[in-house]
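Me: I'm new to this structure and would love a close look at a single part of it, along with how that part fits its surroundings. Could you walk me through it step by step?

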Amino acid sequence: MKPIDPRLWHPLFDAVYEMNRAPDHAGFLAAVAAGLARLIPADHCSVHALDRRTGLLAYAMLPEVMFNEREIAWHKAHSSDHPLAAHYARTGDRQARRNSDVIPTAAWRASEFYRRTTARLGFAYQLSLPIAVNAATVAGVTFSRRRRDFTERHCALLDAFAPHFRLAWRRHDDPWRERPIAKAPARSRLRQLGL
């Protein structure tokens, strides 16, 4: 068996480490997005988690604000029309897939979904991975690019990341419960700042 090229797996280990450093779910999705943005170069990276029992949705994006309110509203109202979302719903597939795996790029660019949500930003290429975390929670990771499509290697890295996401998510008692932020006493905070 040929040894694994460390250049291939090192960024994956970094992404898993970054995600597991999050002390609670308040910063969990942001840590996931930060780690994945280094794992797979893209113009935009988003991580979403949905609690199907309550409808609560949590997300993190890098860069944070790229889409305008109209694009976000249309996406929310028509999310099942996205070619990858439709593919996952129709087939039950749980592997990382590129838009180009399910629809020709020209057809994607001609679609109403593209025109209404990503045309302004020019995101011609997308890569997604759905993650069934548990019976109540589903998460998704999406990368978008303007210039060149994602590779099979990117799909493999994302597929290898999924089980680590599930394990890290379960580390916390109740990911959806809001927790107050503990504040350090003023004197301690001043010491931390070197004052």
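Reply: Happy to! Let's warm up with D14, which has its place in helix α1, residues 6-20. Keep in mind as you look that this is a predicted model. D14 counts as partly exposed because its relative accessible area is 36%, between the cut-offs of 20% for buried and 50% for exposed. L36 sits 22 residues from D14 in sequence, yet their C-alpha atoms are 8.9 Å apart in space.

Now step back for the whole chain. The protein chain has 9 helices and 5 strands, and 39% of its 195 residues count as buried. Among its contacts with a separation of 6 or more, 62% are between residues 24 or more positions apart.

The part I'd like to show you closely is the sheet, together with the helices lying across it. What is the order of the strands in the open sheet? The 5 strands line up as β2-β1-β5-β4-β3, with antiparallel pairing. At the edges are β2 (57-62) and β3 (97-98), each of which pairs on one side only. In general, strands of a sheet pair through backbone hydrogen bonds.

Start from the β2 edge. β2 is joined to β1 by 6 bridges, and the two run antiparallel; here L50 has L57 in β2 as its bridge partner. The hairpin of β1 and β2 has 5 residues between the strands, and G55 takes a positive phi near 80 degrees there. On to β5: 8 bridges join β1 to β5, again antiparallel, with S46 partnered by T142 in β5. β1 itself is mostly covered, as 6 of its 8 residues are buried.

At the other edge, β3 pairs with β4 (residues 125-132) in the antiparallel sense over 2 bridges, and R97 stands opposite S128 in β4. The next residue to find is R98, also placed in strand β3. Is R98 buried or exposed? R98 counts as buried because its relative accessibility is 12%, and the cut-off for buried is under 20%. The side chain of R98 reaches the backbone oxygen of F150 at 3.0 Å. Leaving aside neighbours within four places in sequence, the contacts of R98 include L84, Q126, L127, T151 and C155.

Some of those contacts lead us to the helices. Helix α4 (residues 83-91) lies across β3 and β4, at about 35 degrees to β4. Helix α8 (residues 152-170) lies across β1 (44-51), β3, β4 and β5 (137-145), and runs at about 30 degrees to β4.

Let's follow α8 from its start. T151 caps the N-terminal end of α8, with a side-chain oxygen 3.3 Å from the backbone nitrogen of R153. How far apart should the ends be? At 1.5 Å a residue, the 19 residues of α8 should span 27 Å, and the end C-alpha atoms are 28 Å apart, so the two values agree. Even so, α8 bends by about 25 degrees at A162, with the proline P163 following within four residues. A162 is also one of the buried residues of α8, alongside others including H154, C155, L158, F161 and W169.

One nice link to finish on: C155, a buried residue of α8, is also in contact with R98.

Key
Residues numbered from 1 in each chain as written. Predicted model: local features only at pLDDT ≥ 70, side-chain atom pairs only at ≥ 80, totals over all residues. Heavy atoms only, no water. Pairing = 2+ DSSP bridges. Contact = heavy atoms within 4.5 Å. Axes fitted to C-alpha atoms, helices over the stretch in contact; angles between N-to-C directions. Expected span 1.5 Å × (residues − 1). Bend = angle between axes of the 7 residues up to and from the residue. Buried < 20%, exposed > 50% of the residue type's maximum accessible area, 1.4 Å probe, protein only. Polar contact = N/O pair within 3.5 Å; in protein donor to acceptor, adjacent residues only side chain to side chain.
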